[in-house]
Amino acid sequence: MSVTQSLSCPRCNIPLPTDGAVRACDQCEGVLLPQPALQPLLLKLAAELREEGCFDSTPAEVTDKGPAGSCPQCGQRMENYGYLSSSKVLIDSCFECGLIWTDDKELTAMAKMHAKSLEAEDRILEERRAADDEAAAAAIRHLRIRRMN
């Protein structure tokens with residue numbers, strides 16, 4: 001998606017601002033972005049949520065507004081599917097040109113889900129480190145006992 005290319009909101013059909021790759025509709029507050037921009041954006045938003053402690057343990061389901069219709073860039077039908085294979089957040093994607101449309105509140109819900117996922121990964125890594133430390137301590141004890149005998 002060209003940063004200067006004129007695109008319209010797939011919901012409101014009004015022109016979207018052309019101030020970057022991620023474009024938000026001023027009327028419906030939906031967001032249009034290229035697929036490669038999604039992961040970095042979610043990482044940034046999730047980090048902010050984690051710093052502020054502003055994410056629920058179980059993100060609420062976001063009411064879907066239905067399929068967004070046609071892709072504003074290529075005109076192909078956008079497909080509606082669950083983010084992270086969940087029915088909590090349904091987003092729209094054009095598989096032809098790689099644009100993603102999120103309705104208002106969907107991006108925030110996705111960031112909360114992402115933050116929760118990162119929190120779970122951190123907990124697993126911490127548990128693995130603790131188990132590795134325990135195993136190392138047991139091995140050292142075993143070696144000390146063997147040296148004494």
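**Notes on the sheet, the cores and the charged pairs**

1. A good place to start is one pair of residues in the sheet: N80 stands opposite D92 in β4. Please keep in mind while reading that this is a predicted model. The strands concerned, β3 and β4 (residues 90–93), run antiparallel and are joined by four bridges.

2. Stepping back to the whole sheet, you will find five strands in the order β1-β2-β5-β4-β3. The sheet is open, and its pairing is antiparallel. As general background, strands of a sheet pair through backbone hydrogen bonds, either parallel or antiparallel.

3. What stands at the edges of this sheet? They are β1 (23–24) and β3 (79–82), and each has a single partner strand, so one side of each is left without a neighbour in the sheet. Helix α1 packs on the sheet, where α1 touches β2 and β5 (99–102). The direction of α1 makes about 110 degrees with that of β2.

4. Now for the nonpolar interior. The largest nonpolar core has 16 residues, and those with the most contacts inside it are L33, L38, L42, Y83, V89, L107 and M110. Three elements give two or more residues to this core: β2 (31–34), α1 (35–52) and α2 (106–148). Of these, α2 gives the most, with five residues.

5. Y83 is a handy residue to click on when exploring this core. Not counting residues up to four places away in sequence, Y83 touches L42, V89, M110, M113 and H114. There is also a second, separate core of 12 residues, which includes L7, L32, C71 and M78.

6. Turning to charged side chains, the structure holds five salt bridges. One of them brings us back to D92: R11 forms a salt bridge with D92, and the closest N and O atoms are 3.8 Å apart. The pair links distant parts of the chain, since R11 is in the segment before β1 and D92 is in strand β4, 81 residues apart.

7. Are the two partners buried or exposed? D92 is buried, with a relative accessible area of 0%, whereas R11 is partly exposed at 27%. R11 and D92 also belong to a network of salt bridges that links them with D103.

8. A second salt bridge joins the side chains of D104 and K65, at 2.7 Å from N to O. D104 lies in the loop between β5 and α2, and K65 in the loop between α1 and β3, so this pair ties together parts that are 39 residues apart in sequence. K65 is partly exposed, with a relative accessible area of 46%.

9. R77 and E79 form another salt bridge, with their closest N and O atoms 3.0 Å apart. R77 is exposed, at a relative accessible area of 56%, while E79 counts as partly exposed at 29%.

10. Finally, a residue that merits a look of its own is E106, in helix α2. Which side chain of opposite charge is nearest to E106? That is R11, 6.1 Å away; E106 is buried yet has no salt bridge. A salt bridge requires the nitrogen and oxygen to be within 4 Å, so a distance of that kind does not count. Leaving aside neighbours within four places in sequence, E106 is in contact with V62, D64, V89, L90, I91 and W101. One of these, V89, is also among the residues with the most contacts inside the largest nonpolar core.

Key. Residues are numbered from 1 along each chain as its sequence is written. This is a predicted model: local features need pLDDT of at least 70, side-chain atom pairs count only at pLDDT 80 or more; totals for chains, interfaces and linings use all residues. Side-chain values use heavy atoms; hydrogens and water are left out. A nonpolar core is a set of buried Ala, Val, Leu, Ile, Met, Phe, Trp, Tyr and Cys residues joined through side-chain atoms within 4.5 Å. Buried means under 20% relative accessible area, exposed over 50%, partly exposed in between (1.4 Å probe, protein chains only). Contact means heavy atoms within 4.5 Å. Two strands pair if DSSP finds at least two bridges between them. Axes are lines fitted to C-alpha atoms, for helices over the stretch in contact, and angles run from 0 to 180 degrees between N-to-C directions. Lys and Arg count as positive and Asp and Glu as negative; His and the chain ends are not counted.
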